[in-house]
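Visitor: I'm new here, so could you show me around and tell me how you know what you say?
Guide: Sure, let's look at it together.

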Amino acid sequence: MTPLISSWEDYQRCYAESVADPAGFWKREAEQFVWEKPFEKTVEWNFEEPDVQWFIGGKTNITVNCLDRHIERRGDQVAFLWEPNEPGESTRSLTYRTLLAEVNRCANALKARGIKKGDKVVVYMPMIPELSIALLACARIGAVHSVVFAGFSAQALSDRVDDAQAKMIICADYNRRGAKHIPVKAVVDQAMDLGCNSVKTVLVYNNTGKEVHWSDDVDVWWHDLVPQQSNKCEPEWMDSEDLLFILYTSGSTGKPKGVVHTCAGYMVYSCYSFRNVFQYKEGDIYWCTADVGWITGHSYIIYGPLLAGATSLMFEGVPTYPDAGRFWQICDKYQVNQFYTAPTAIRALMAQGDQWPAQYSLDSLKVLGSVGEPINEEAWNWYDQHIGHGKVPIVDTWFQTETGGILITPLPGITDTKPTYASYPMPGIQTILVDAEGQEITENEVEGLLCIRFPWPSMLRTTYGDHERCRQVYFSSFKGLYFTGDGARRDADGRLRIIGRVDDVINVSGHRMGTAEVENAINEHPNVVESAIVGYPHAIKGQGLYAYVITQDKALDDAFRQEILEVVTREIGPIAKPDKIQFVEGLPKTRSGKIMRRILRKIAAREESNLGDISTLLNPDVVQSVIDGVLD
Ligand code: PRX
């Protein structure tokens, strides 16, 4: 494998090289993998269409590089350690050799149910080893996986299945999340009633042994199909630009979009970024607490670690079960070296008190990571002092579903860290800040809109089934640039601090929500006339959801609030439930009828003294009545 970036000087040299000769830089990274057919050209691109291709003409299979490639040297090394929800239950571990055999069995099972290259498979599973096996089995035979986070509702699941035209759903009977057992097979049954006409098979893993409803024509138990398959399965050789997976994420308008990642570029970047960001060394135990339903889990639980030949821990449960010391107990139990989590978890655990981490040594930790949302200074300092004991570097990693891998981050032991700063771009990533007109801002100590001016291997290629939407959302704001949707600040030394979304996307506990999506859900209630959702500062979640609702013929009471929460839970899932619901008579609008969210955001954040000029509104009078009813 290519050497890791080893010092600040080395970082600067690599960065300069990657800008001077991007093709040469990425060719070297790509050549360390197994290719059935070598690529002929490293990159071709234009951001107008957009059309981005990497490692053109090459053929490979990501599972050969995750698994087969390692068997000779590390067949008996543990690939996955697994900690169950219940602390007393036995743990599991899968070596690279066993994982390959299990993946092949599952791949043969998919084939036995008619799944072929290019078919879509939706995975709706708990955090158990079979989830990784299912994803890798798809990749083995060239099927395209689309993981749906198990917190999404039947409606949201069926929307995604229908959009992808998936032929199979893989799920479990029940998910275990702390004290709760969630009936996911029942959710799949409901989704099948709502749509999912393309689905021929529902493959069900028996996770808890509880009863489930069964339809013999589509449902198949994992244990009846997978174990008896052969443990050999030839990989499907994929073109570099064949689809690897689709992952749905929220945007500022309309329905969630299916972000498309392709085989070779994603492989090269997830491995490169994993190795360098975590400075992973042979024998280290690495743990990322994300859910595989999000991009972090794809790139930094499954693909990145396996490509790098790492030992990675997977955890089924939640940070506070059975108590708020669970994460730290697990760190000690497995002697975790690299620990990667989200600010929302850090804030939630910080609120439980310092006595929890104080019970554990945490001495094995070498790197602490943060991802998914801005980390506030207080949480950064607590993480540093109470988990890292002041001697473990924190990497505040910025990326997106669309970027496939971490693009901006300190490198541990290499970059000086500064609280709340994601710091510098990885070599190969050409970030720039622009103003609202798209003019590059070159000076430091400024804020601007974060864009990227050159492609990187794991960037999204399209939004599934709607290329125009991809062009429109990411490439039309500023000519020749990929626009991230985030604002950023650059300090005097050129370090970047990500401020957050500048569009109508809200980041709640690190989960992305589109305002339009939540509003559409609320508007499904027959007594809701109109609604507006904005984000407001929330001590644990980072941002909370504040709903303004106009109603008719309905008592404005908690029972109605409850009905609204139920509609949102039904349409999207419990993760999209508003934290506050204010009933209003009207919403401030521009003369052209657009809701003025800027004003609503200020009111929800209790900054009503600072609304600016409201005289140009269509209905300025309504503002005072909204302020009068604001909820604490
Ligand atoms: O606003 C940024 C925020 O999360 C958004 C991407 O969300 P998603 O696609 O769900 O991926 C989350 C996991 C990578 C970004 O546009 N974000 C992500 N990481 C950070 C962040 N904001 C601040 N600091 C970060 N480290």
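Visitor: What makes a residue one of those that surround the ligand?
Guide: A residue counts if one of its heavy atoms lies within 4 Å of the ligand. In this predicted model, 17 residues pass that test, and Asp396, Thr397, Thr401, Asp486 and Arg512 are the closest. Numbering runs from 1 along each chain as its sequence is written. Local features need pLDDT of at least 70 and side-chain atom pairs 80 or more, totals for chains, interfaces and linings use all residues, and side-chain values use heavy atoms, without hydrogens and water.

Visitor: Why is the pair between Asp486 and the ligand called a polar contact?
Guide: A polar contact is a pair of N or O atoms within 3.5 Å. A polar side-chain atom of Asp486 lies 2.6 Å from a ligand oxygen, so the pair qualifies. Gln400 qualifies too, with a side-chain N or O atom 2.9 Å from an oxygen atom of the ligand.

Visitor: And what about Pro374?
Guide: There a backbone N or O atom is 3.4 Å from a ligand nitrogen, so Pro374 also falls within the cut-off.

Visitor: How do you know how much of the ligand is buried?
Guide: Accessible areas come from the Shrake-Rupley method with a 1.4 Å probe. Alone, the ligand exposes 540 Å², and the protein buries 97% of that.

Visitor: Which classes of residue make up the shell around the ligand?
Guide: The shell has 6 nonpolar, 6 polar and 5 charged residues. Asp, Glu, Lys and Arg count as charged, so Asp486 belongs to the charged class.

Terms used. Polar contact = N/O pair within 3.5 Å; in protein donor to acceptor, adjacent residues only side chain to side chain.
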